[in-house]
Amino acid sequence: MTHHVRDKEAGTAPEASADIDVPDRDVPPRKGEVREFLGLALAAGAGALFVVRPEFYAAGVHILATQAAALVH
């Protein structure tokens, strides 16, 4: 998963690291964790489906190519 890192401000003590609370340095809560998880689950499921049933992948490519060709004409 993706993690955000806080940069040190100039003038802070050398021992002040990201895991120590520094005044006026609040990190807003992350809002995309659920979407990130769902995206990873979708990608993992598509990868597993490609390995188990490759004909579904070929059919999906055919459908996308057909729709793209229909948009051109």
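**Exercise 1. The salt bridge**

Find which side chains meet in a salt bridge in this predicted model, and decide how exposed they are.

*Solution.* Start with the pair itself: the side chains of E55 and R53 meet in a salt bridge, with 2.6 Å from N to O. A salt bridge needs a Lys or Arg nitrogen within 4 Å of a carboxyl oxygen of Asp or Glu, so the pair qualifies. The structure holds 1 salt bridge.

Next, look at exposure. Partly exposed covers the range between under 20% (buried) and over 50% (exposed). E55 has 40% relative accessibility, so E55 counts as partly exposed. R53, at 38%, is likewise partly exposed.

**Exercise 2. The aromatic pair**

Work out how the rings of F50 and Y57 are arranged.

*Solution.* A pair of aromatic rings is described by the distance of the centres and the angle of the planes. The structure holds 1 aromatic pair. In that pair, F50 and Y57 lie 4.8 Å apart, centre to centre, with 75° between the planes. Planes over 60 degrees apart count as edge-to-face, so this pair is edge-to-face. As for exposure, F50 has a relative accessible area of 42% and is partly exposed.

**Exercise 3. The two helices**

Describe how helix α1 and helix α2 cross, and name the residues that make the contact.

*Solution.* First, take stock: the protein chain has 2 helices and 0 strands. Helix α1 spans residues 33-52 and helix α2 spans residues 54-72. Their axes come within 5 Å and cross at roughly 110°. Angles of 65 to 115 degrees count as roughly perpendicular, so α1 is roughly perpendicular to α2. On the α1 side, L49, F50, V51 and V52 make the contact; on the α2 side, P54, F56 and Y57 do.

**Exercise 4. The chain as a whole**

State what share of the residues is buried.

*Solution.* Of the 73 residues in the protein chain, 3% are buried. The accessible surface comes to about 6,600 Å², and 66% of that belongs to carbon and sulfur atoms.

Key. Residues numbered from 1 in each chain as written. Predicted model: local features only at pLDDT ≥ 70, side-chain atom pairs only at ≥ 80, totals over all residues. Heavy atoms only, no water. Buried < 20%, exposed > 50% of the residue type's maximum accessible area, 1.4 Å probe, protein only. Phe/Tyr/Trp six-rings, centres within 6.5 Å; stacked < 30°, edge-to-face > 60°. Helix = DSSP H or I, 4+ residues; strand = E, 2+ residues; numbered from the N terminus. Areas by Shrake-Rupley, 256 points an atom, 1.4 Å probe, with all protein chains shown as cover. Axes fitted to C-alpha atoms, helices over the stretch in contact; angles between N-to-C directions. Parallel < 35°, antiparallel > 145°, perpendicular 65-115°, else oblique. Contact = heavy atoms within 4.5 Å.
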